[in-house]
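Please find below some notes on this model, set out as numbered points for discussion. They are best read with the structure open alongside.

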Amino acid sequence: MTVDPQQSKRFLAEHAYAGAGRLNTRLHIQEHYGTCPVPWFRWVFDRFEFPAGGHVLDVGSGPGHVWWRNSGQLPGALRLFLGDLSQEMVKSARDNLPGAGLDASFLCLDCEHIPFADAAFDAVVALGVMDHLPDRQQGLAEIERVLRPGGELYVSGGGRTHLQEIEELVAPFLPEIAYGGAPDRFGLENGAAQLSLHFSGVQRHVFEDSLHFREAEPIIAYAFSEGQVAEMLTGSLRREFREAVRKRLARQGGIRVTRQKGLFVARKGEVVGEGKP
């Protein structure tokens, strides 16, 4: 059976997310060309509710963008545990966060096998994680296990139109690429149903944004920020892709890219007869 690279732990850790460079490029372009007045990581952070002194686990922290960009807004004495499948991402987070004055621990982590005791955390954060898991239900069961009763999971998901315009640009050259992820695995449309198998009180919040490009290089850079595209679109194909983007811009005067994504907030049920710790 062919393994989808976007669900291959080796590909994700050693290639797609081997370093923070591509994610940093993507973030810079999103913030410079996006139309939403509130950047994604601030928008997400504004929906977090952590108790002072609480323990929070991030199971796919990347370079720690959501944390160091909002470091001054965290409740007092919060204890962060930042994990990622990629050793290089863990190193980047370790380099970024101490300068932000945060109390954090860092570890390589597989979300399907979380190395912590039951009920260890008040909250778990999983941004850009669920559609990469080969066994999502195993991953969700592990998150449920390490959450305390009443604890909350914050998990992101993309919609069916997320980045569809970039996928359309890439498709003539790499028709097998699902650039915006695979929302049929986990996304805005089906995420609540999957989460409800393990959690109660699932809420969905939708982030509304689009990217507007009037020059070729930023949209080309955004396309190559996807690991599979960068590795497969090489040589003459890359030159042809660049030319196709330039021609499209010249013909249309600009390219608008849809960002359809959001955040689910799911609560672990309380233990009968007990309050939230």
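**Notes on a predicted model**

1. The side chains of Asp 209 and Arg 259 come together in a salt bridge, with N and O 2.8 Å apart. Asp 209 belongs to strand E6 (residues 200-213) and Arg 259 to strand E7 (residues 255-267), so this pair ties together parts of the chain that are 50 residues apart in sequence. Both Asp 209 and Arg 259 are buried. As the model is a predicted one, the distances and accessibilities quoted here and below are to be read as values computed from predicted coordinates.

2. The residue that follows in this discussion, Ser 210, is likewise placed in strand E6, and at 5% relative accessibility Ser 210 counts as buried, because the cut-off for that class is under 20%. When its neighbours within four places in sequence are left aside, Ser 210 is in contact with Tyr 33, Gly 34 and Thr 35, and also with Arg 256, Val 257 and Arg 259. Arg 259 is thus a contact of Ser 210 as well as the salt-bridge partner of Asp 209. Ser 210 and Tyr 33 are 177 residues apart in sequence, while their C-alpha atoms are 8.1 Å apart in space.

3. For the chain as a whole, the secondary structure comes to 11 helices and 7 strands, and buried residues make up 53% of the 277 residues. Of the contacts with a separation of 6 or more, 80% are accounted for by residues 24 or more positions apart. A search of the whole structure for salt bridges finds 10, some of which are taken up individually in these notes.

4. How do helices H9 and H11 pack, and at what angle? Helix H9 (residues 216-224) and helix H11 (residues 235-252) pack at about 135°, with their axes 10 Å apart, and that angle makes H9 oblique to H11. The crossing of H9 and H11 is right-handed. On the H9 side the contact is made by Ala 216, Glu 217, Ile 219, Ile 220, Ala 223 and Phe 224, and on the H11 side by Arg 238, Phe 241, Arg 242, Val 245, Arg 246 and Leu 249. Sorted by class, the contact of H9 with H11 has 8 nonpolar residues and 4 charged residues, with no polar ones.

5. Two of the charged residues in that contact, Glu 217 and Arg 242, form a salt bridge whose closest N and O atoms are 3.1 Å apart. The pair links distant parts of the chain, with Glu 217 in helix H9 and Arg 242 in helix H11, 25 residues apart. Glu 217 is partly exposed, having a relative accessible area of 42%, and Arg 242 is also partly exposed, with a value of 24%. In the salt bridge between strands E6 and E7, by contrast, both Asp 209 and Arg 259 are buried.

6. Why can helix H9 be described as largely enclosed by the rest of the structure? The reason is that 7 of its 9 residues are buried, namely Ala 216, Pro 218, Ile 219, Ile 220, Tyr 222, Ala 223 and Phe 224. These buried residues of H9 pack against helix H2 (21-33), helix H7 (164-170), strand E6, helix H10 (227-232), helix H11 and strand E7.

7. A salt bridge within a single helix is formed by Lys 91 and Asp 95, with the closest N and O atoms 3.2 Å apart. Lys 91 and Asp 95 are 4 residues apart in helix H5 (residues 87-96), and are therefore separated by about one helical turn. Lys 91, at 43% relative accessibility, counts as partly exposed.

8. Asp 118, Glu 142 and Arg 145 are linked in a network of salt bridges. Ala 119 has its place in the loop between strand E3 (104-108) and strand E4 (121-126), and is partly exposed at a relative accessible area of 32%. Leaving aside neighbours within four places in sequence, Ala 119 is in contact with Arg 145, Val 146, Leu 147 and Arg 148. The C-alpha atoms of Ala 119 and Arg 145 are separated by 6.3 Å, although the two residues are 26 apart along the chain.

9. A further loop position is Asp 46, found between helix H3 (40-45) and strand E1 (55-58). Asp 46 counts as partly exposed at 43% relative accessibility, and its C-alpha atom is separated by 9.3 Å from that of Gln 73, 27 residues away along the chain.

Key. Residues are numbered from 1 along each chain as its sequence is written. This is a predicted model: local features need pLDDT of at least 70, side-chain atom pairs count only at pLDDT 80 or more; totals for chains, interfaces and linings use all residues. Side-chain values use heavy atoms; hydrogens and water are left out. Axes are lines fitted to C-alpha atoms, for helices over the stretch in contact, and angles run from 0 to 180 degrees between N-to-C directions. Angles under 35 degrees count as roughly parallel, over 145 as roughly antiparallel, 65 to 115 as roughly perpendicular and the rest as oblique. A crossing is left-handed if the near helix is turned anticlockwise from the far one by less than a right angle, and right-handed if clockwise. Contact means heavy atoms within 4.5 Å. Ala, Val, Leu, Ile, Met, Phe, Trp, Tyr, Cys and Pro count as nonpolar, Asp, Glu, Lys and Arg as charged, and the others, Gly among them, as polar. A salt bridge is a side-chain nitrogen of Lys or Arg within 4 Å of a carboxyl oxygen of Asp or Glu. Buried means under 20% relative accessible area, exposed over 50%, partly exposed in between (1.4 Å probe, protein chains only).
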